[in-house]
Amino acid sequence: MIKEEEVGTAPLRERIEAASKCQEKGYPLGFHFDPLIYHEGWEKEYQGTIDQLFKKNDPKRVVWISLGGFRYPPKLKAVAEDRFPKNQNIS
């Protein structure tokens, strides 16, 4: 999903490693899953992400996890469809 929907961003393993380094330095962690994207196998993939997070980070030192839906002004839909014609998750 990251390769398809978050082009140009760090892979999940790099993000988790960065969070781990911050936690090692004493920073509290917060994770935002925003937007959650419904796709085939979403439950297994999100569960796997959480499992990876807590293998590398102490869950007792995670101060929040937030979940959000995909939202945008109605006029932006046409812009997104024009820029990302292959994306099936815009509607």
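1. Aromatic pairs. In this predicted model, the structure contains three aromatic pairs. In one of them, the ring centres of Tyr38 and Trp42 lie 6.2 Å apart. The planes of these two rings meet at 50°, so the pair is classed as tilted; the tilted class applies because this angle is neither under 30 degrees, as stacked would require, nor over 60, as edge-to-face would require.

2. Accessibility of Tyr38 and Trp42. Tyr38 has a relative accessible area of 66% and is therefore exposed, the cut-off for that class being over 50%. Its partner in the pair, Trp42, has a relative accessibility of 34% and counts as partly exposed.

3. A further pair. Phe70 and Tyr72 also form a tilted aromatic pair, with 5.0 Å from centre to centre and 55° between the planes. Tyr72 is partly exposed, at a relative accessible area of 25%.

4. The nonpolar core. Which residues make up the largest nonpolar core? This core has nine residues, namely Ile16, Ala19, Leu29, Phe31, Phe33, Ile37, Tyr46, Leu53 and Val62. The elements contributing two or more residues to the core are α2 (12-24), β1 (29-33) and α3 (42-56). Strand β1 supplies the largest share, three residues. As background, nonpolar side chains in soluble globular proteins tend to be buried together.

5. Surroundings of Phe33. Phe33 is a member of the core just described. Leaving aside neighbours within four places in sequence, Phe33 is in contact with Tyr46, Thr49, Ile50, Leu53, Ile65, Ser66, Leu67 and Gly68. Among these contacts, Tyr46 and Leu53 are likewise listed in the largest nonpolar core.

6. Ser20. Is Ser20 of helix α2 buried or exposed? Ser20 has a relative accessibility of 5% and so counts as buried, since the limit for that class is under 20%. When residues up to four places away in sequence are not counted, Ser20 touches Lys56 and Asn57. Helix α2, in which Ser20 lies, is also one of the elements that give two or more residues to the largest nonpolar core.

7. Leu76. Helix α4 spans residues 76-83 and includes Leu76. Leu76 is partly exposed, with a relative accessible area of 39%; the value falls in this class because it is neither under 20% nor over 50%. How far apart are Leu76 and Ala10 in sequence and in space? The two residues are separated by 66 residues in sequence and by 25 Å in space, C-alpha to C-alpha.

Notes: Residues are numbered from 1 along each chain as its sequence is written. This is a predicted model: local features need pLDDT of at least 70, side-chain atom pairs count only at pLDDT 80 or more; totals for chains, interfaces and linings use all residues. Side-chain values use heavy atoms; hydrogens and water are left out. A nonpolar core is a set of buried Ala, Val, Leu, Ile, Met, Phe, Trp, Tyr and Cys residues joined through side-chain atoms within 4.5 Å. Buried means under 20% relative accessible area, exposed over 50%, partly exposed in between (1.4 Å probe, protein chains only). Helices (H or I, at least four residues) and strands (E, at least two) are DSSP runs, numbered from the N terminus. Contact means heavy atoms within 4.5 Å. Rings of Phe, Tyr and Trp (its six-membered ring) pair if their centres lie within 6.5 Å; planes under 30 degrees apart count as stacked, over 60 as edge-to-face and the rest as tilted.
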